[in-house]
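Colleague: I'm new to this one. Could you take me through it and tell me what stands behind each label you use?

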Amino acid sequence: MSYKNFPMVPRVIYGRGSFNQLDEIISPKRRNSDAPFIFLVDDVFKGNAWLTSRITLSYDDNIIYISADEEPKTSQIDELVEHIILNNKQKPSGIIGIGGGTILDIAKAVSIMLTNDGNTSDYQGWDLVKNPAVYHVGIPTISGTGAEVSRTTVLTGPKLKLGINSDYTPFDQVILDPELTKDVPKNQWFYTGMDCFIHCIESLNGSYINAFSQSYGEKAFDLCKEIFINNTLSKEDSQDKLMMASWHGGMSIAYSQVGVAHALSYGLSYVLGTKHGIGNCIVFEHLEEFYPNGVQLFKLMKEKHNIKLPRGICAELTEEQFDTMITVALSLEPLWENALGKDWKKRITYYSLKALYQKM
Ligand code: NAD
Ligand code: ZN
């Protein structure tokens, strides 16, 4: 038996207003005046002086605003990297991602592709990255995905939706400032928060579970219940706790895996472009047979917060689309093995997945 030796985020600063310290944190990492810091910022913050006035631009530093309307694609990373190389005298001193899971994943991928040749899609998979990435900093503005702490960056490529899982993927520095999440719209708060809840359910109920994952998963699970069920927290406490739940949920799956909801939601996303948070919610409602208690709690939380999920999203799919969706979902073998054990193929077939998708 050989155990995996994982890197972790080596530096993290936590606290309301800690974002104000960004400049003092990154300044020592500037190599010289020709090697800029590039800030990749969710375009929801364009014109938002409360946030952007705290980004100090020196020398050739620049901000690139990026839309999070669609999840990141490998082609998008290739274009961004080319843009950065063409428009700067030297390789950047650092990439700073400010946004949700979408922007954090883009920041990780760009920092890897600045030091590795070829196309981004060449590196989708496990441990394919050869050279260390450019210094990269993650600053989440919405909580739940765990992307701020994970060893992957999830990208849609020409063939698959698959992460770049590598020792060079985790951020060198994370800034956890819960105040940055104060304007997240309620539905989005719920969808991304449920990503964390579902990470816990899948990790805690999986066959890969161990004391390491369990300790983080249980903490995140308890925090989620406090935030989404008990409803006694102040706004600030709720923001603080969800940011830490996201962190713990991410740590929990580092040493285990996600499960059925993520496998099915990747299929939805690949064919229909359904975003991760809402896609997980749409899928999870129908997974009583796999996660009876988790689904019951989920329904309670959905009701408490008066969330209405879309229905019938697979009603008009062609056979070909179903085929692609099911192929993508089934290809995620570690997720199925974690969820159902080594014999998962005895329980899951093409047709059982089709029946599930047809309910959505
Ligand atoms: P997101 O980044 O897609 O953002 C969702 C929406 O919220 C966007 O419209 C965005 O503009 C908006 N938003 C973000 N912060 C805001 C703020 N402070 N105020 C107002 N609006 C704000 O959402 P997400 O759910 O955090 O990320 C989903 C992505 O994360 C997916 O691409 C998924 O694949 C990825 N993901 C990655 C990992 C990982 O480990 N790398 C894990 C889970 C999910
Ligand atoms: Zn997730």
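Modeller: Sure, we'll go through the metal site, the sheet and the cores; keep in mind that this is a predicted model.

Colleague: Which residues are the protein donors of the zinc ion (ligand 2), and what makes them donors?

Modeller: They are Asp195 (OD), His199 (NE2), His262 (NE2) and His276 (NE2), lying 2.1 to 2.2 Å from the zinc ion. A donor here is an N, O or S atom within 2.8 Å of the metal, so these atoms qualify. Along the chain their spacing reads D-x3-H-x62-H-x13-H.

Colleague: Why is the site of the zinc ion (ligand 2) called irregular?

Modeller: The angles among its four donor atoms go from 88 to 172°. Tetrahedral would need all angles between 85 and 135 degrees, and 172° breaks that, so tetrahedral is out. The label given to the site is irregular.

Colleague: How far apart are Asp195 and His199 in helix α5?

Modeller: They are four residues apart in α5 (residues 186-204), so about one helical turn separates them.

Colleague: Are Asp195 and His199 buried or exposed, and how do you know?

Modeller: Buried means under 20% relative accessible area. Asp195 has 1% relative accessibility, so Asp195 counts as buried. His199 has 4%, so His199 counts as buried too.

Colleague: On to the sheet. What is the strand order, and which strands are at the edges?

Modeller: Six strands form an open sheet, ordered β1-β9-β6-β4-β2-β3, with parallel pairing. The edge strands are β1 (12-14) and β3 (62-66), as each of them pairs on one side only.

Colleague: How do you know that β2 and β4 pair?

Modeller: Pairing takes at least two bridges, and five join β2 (residues 37-42) to β4 (residues 94-99), so they count as paired. Within that pair, Phe39 stands opposite Ile96 in β4.

Colleague: Which strands does helix α3 touch?

Modeller: Helix α3 (residues 74-86) packs on the sheet and touches β2, β3 and β4. Its direction makes about 160° with that of β3. Helix α4 (residues 101-113) lies across β2, β3, β4 and β6 (136-140), running at about 170° to β4.

Colleague: And how many residues does the largest nonpolar core have?

Modeller: It has 57 residues, and those with the most contacts inside it are Phe190, Phe197, Leu264, Phe284, Leu287 and Tyr357. Helix α5 gives the most to this core, with nine residues. A second, separate core has 32 residues, including Ile38 and Leu40.

Conventions. Residues are numbered from 1 along each chain as its sequence is written. Chains are lettered from A and ligands numbered from 1 in the order in which they are written. This is a predicted model: local features need pLDDT of at least 70, side-chain atom pairs count only at pLDDT 80 or more; totals for chains, interfaces and linings use all residues. Side-chain values use heavy atoms; hydrogens and water are left out. Contact means heavy atoms within 4.5 Å. Axes are lines fitted to C-alpha atoms, for helices over the stretch in contact, and angles run from 0 to 180 degrees between N-to-C directions. Donors are N, O and S atoms within 2.8 Å of the metal (3.2 Å for Na, K and Ca); water is not among the atoms, so sites may look incomplete. Four donors count as tetrahedral if all angles lie between 85 and 135 degrees; four count as square planar and six as octahedral if opposite donors are over 155 degrees apart and all others between 65 and 115; anything else is irregular. Buried means under 20% relative accessible area, exposed over 50%, partly exposed in between (1.4 Å probe, protein chains only). A nonpolar core is a set of buried Ala, Val, Leu, Ile, Met, Phe, Trp, Tyr and Cys residues joined through side-chain atoms within 4.5 Å.
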